[in-house]
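Please open the structure in your viewer and keep the sequence panel visible beside it. The tour below proceeds by selections, each followed by a short account of what is found there.

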Amino acid sequence: MTDDEIMAEGAKIAEERAQGKIISIDELCARLGIKLETALALGAEEASRIHGRPMTIIRIDSVN
């Protein structure tokens with residue numbers, strides 16, 4: 001997916017969530033074309049931004 005396609009899909013997902021739809025991490029990864037590890041890293045980055053302190057993933061054991 002291109003950056004523009006990812007942003008467009010992200011906007012669709014945000015709209016669905018605003019309407020109350022629960023989107024699993026597996027569905028999120030599939031729709032954005034990213035690996036679980038990438039989604040977790042992005043989540044840690046966002047959490048750091050929200051909470052104002054660094055948050056990182058220490059270890060990821062593959063579930064696949």
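The tour begins with the whole chain and then visits the helices in turn.

**The whole chain**

Please note at the outset that this is a predicted model. Display the chain as a cartoon. The protein has 3 helices and 0 strands, and from the N terminus on its elements run α-α-α. Next, switch on the surface. The accessible surface of the protein comes to about 5300 Å², and carbon and sulfur atoms account for 55% of that surface. Of the 64 residues, 16% count as buried. One may also consider which parts of the chain touch each other: among contacts with a separation of 6 or more, residues 24 or more positions apart account for 14%.

**Helix α1**

Select residues 3–18, which form helix α1. This helix has 16 residues, and the distance from its first C-alpha to its last is 22 Å. That distance is close to the 22 Å expected at 1.5 Å a residue. Now move just past the end of α1 and select Gly20, which takes a positive phi of about 100°.

**Where α1 meets α2**

Keep α1 selected and add residues 25–32, which form helix α2. How do the directions of these two helices relate? The axes of α1 and α2 come within 9 Å and cross at roughly 150°. Angles over 145 degrees count as roughly antiparallel, and therefore α1 is roughly antiparallel to α2.

Show the side chains at this contact. On the α1 side, select Ile6, Glu9, Gly10, Lys12, Ile13 and Glu16; on the α2 side, select Leu28, Arg31 and Leu32. Colour these residues by character: the contact divides into 4 nonpolar, 1 polar and 4 charged residues.

**Leu28, a residue of the contact**

Centre the view on Leu28, which has its place in helix α2. Is Leu28 buried, partly exposed or exposed? With a relative accessible area of 24%, Leu28 is partly exposed, because the buried class requires a value under 20%. Leaving aside residues up to four places away in sequence, Leu28 touches Ile13 and Ile23. Then draw a distance from the C-alpha of Leu28 to the C-alpha of Gly10: these residues are 18 apart in sequence and 9.0 Å apart in space.

**The buried residues of α2**

Select Cys29, Arg31 and Leu32, the buried residues of α2. What covers them? The cover includes α1 and α3. Arg31 and Leu32 have already appeared in the contact with α1. After α2 comes Gly33, whose phi is positive, near 70°.

**Helix α3**

Proceed to residues 36–51, which form helix α3. Its 16 residues should span 22 Å at 1.5 Å a residue, and its end C-alpha atoms are 22 Å apart, which agrees.

Select Leu36, which lies in α3. At 26% relative accessibility, Leu36 counts as partly exposed. Draw a distance from Leu36 to Ile25: the two are 11 residues apart in sequence, and their C-alpha atoms are 7.6 Å apart in space.

Which residues of α3 are buried? They are Ala39, Ala44, Ala47 and Ser48, and what covers them includes α2.

**Ser48 and the end of α3**

Finally, centre the view on Ser48, which is found in α3. Its relative accessible area is 16%, a value under the 20% cut-off, so Ser48 is buried. Select Arg53, Pro54 and Met55, which Ser48 touches when residues up to four places away in sequence are not counted. Between these selections, inspect Gly52, which follows α3 and has a positive phi, near 75°.

Terms used: Residues are numbered from 1 along each chain as its sequence is written. This is a predicted model: local features need pLDDT of at least 70, side-chain atom pairs count only at pLDDT 80 or more; totals for chains, interfaces and linings use all residues. Side-chain values use heavy atoms; hydrogens and water are left out. Axes are lines fitted to C-alpha atoms, for helices over the stretch in contact, and angles run from 0 to 180 degrees between N-to-C directions. Helices (H or I, at least four residues) and strands (E, at least two) are DSSP runs, numbered from the N terminus. Angles under 35 degrees count as roughly parallel, over 145 as roughly antiparallel, 65 to 115 as roughly perpendicular and the rest as oblique. Contact means heavy atoms within 4.5 Å. Ala, Val, Leu, Ile, Met, Phe, Trp, Tyr, Cys and Pro count as nonpolar, Asp, Glu, Lys and Arg as charged, and the others, Gly among them, as polar. Buried means under 20% relative accessible area, exposed over 50%, partly exposed in between (1.4 Å probe, protein chains only). The expected span of a helix is 1.5 Å times one less than its number of residues. Accessible areas come from the Shrake-Rupley method with a 1.4 Å probe; for residues, only the protein chains shown count as cover.
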